[in-house]
Amino acid sequence: MSDEQTIQVEVAYALPEKQAIIPLQVLPGTTALQAAQRSGIAERFAGLDLDDARLGIFGKVVAADQVLVEGDRVEIYRPLKADPKEVRKARAARVKERRQEAEG
């Protein structure tokens with residue numbers, strides 16, 4: 001691949017104890033999933049399944065077939081351990097309970 005026919009992108013993935021950002025030259029028209037697959041990042045992280053992973057570009061979730069442009073950073077997101085809405089509801093319930101205990 002000649003540099004004139006390619007674009008520069010990055011693929012990023014992070015765990016609490018290990019992170020990787022892989023620079024990559026790809027052909028115009030390459031999708032986010034294709035770049036992630038070509039980066040070889042799945043081989044660096046046991047259990048990383050790119051076919052089921054959510055992908056983003058600079059913090060915004062995108063479809064796997066999102067076509068990349070020069071300078072994009074494909075981010076591979078880990079699944080959430082807890083639903084943020086449920087966490088907020090539980091926290092609000094604990095605060096309400098503490099207030100009632102303090103008043104009563």
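Me: What makes the pair formed by the backbone nitrogen of Gly-59 and a polar atom of the side chain of Glu-75 a polar contact?

Reply: The two atoms lie 2.7 Å apart, and a polar contact is a pair of N or O atoms within 3.5 Å, where within protein one must be able to donate a hydrogen and the other to accept it, and where residues adjacent in sequence count only if both atoms are side-chain atoms. The value of 2.7 Å is within 3.5 Å, so the distance meets the definition. Please keep in mind that this is a predicted model, in which local features need pLDDT of at least 70 and side-chain atom pairs count only at pLDDT 80 or more, while totals for chains, interfaces and linings use all residues. Residues are numbered from 1 along each chain as its sequence is written, and side-chain values use heavy atoms, with hydrogens and water left out.

Me: Which side chain makes a polar contact with the side chain of Glu-75?

Reply: The side chain of Tyr-77 does, and this polar contact is again 2.7 Å long.

Me: Why is Glu-75 called buried, and why is Tyr-77 called partly exposed?

Reply: Buried means under 20% relative accessible area, exposed means over 50%, and partly exposed is in between, with a 1.4 Å probe and protein chains only. Glu-75 has 11%, which is under 20%, and therefore counts as buried, whereas Tyr-77 has 25%, which falls between the two cut-offs, and is therefore partly exposed.

Me: How do you know that Glu-75 is in contact with residues such as Ala-12 and Phe-58?

Reply: Contact means heavy atoms within 4.5 Å, and, leaving aside neighbours within four places in sequence, Glu-75 is in contact with Ala-12, Arg-54, Leu-55, Gly-56, Ile-57, Phe-58 and Gly-59. With the same kind of neighbours left aside, the contacts of Tyr-77 include Ala-53, Lys-60 and Val-61.

Me: What makes residues 73-77 strand E5?

Reply: Strands (E, at least two residues) and helices (H or I, at least four) are DSSP runs, numbered from the N terminus. Glu-75 lies in the run 73-77, and Tyr-77 has its place in strand E5 too. The protein has 3 helices and 5 strands, which follow the pattern β-β-α-α-β-β-β-α along the sequence.

Me: Why is the protein called more spread out than a compact globule?

Reply: The globule rule is 2.2 Å times the number of residues to the power 0.38, and the radius of gyration is taken over C-alpha atoms. For 104 residues the rule gives 13 Å, but the radius of gyration is 20 Å, well over that value, so the protein is more spread out than a compact globule.
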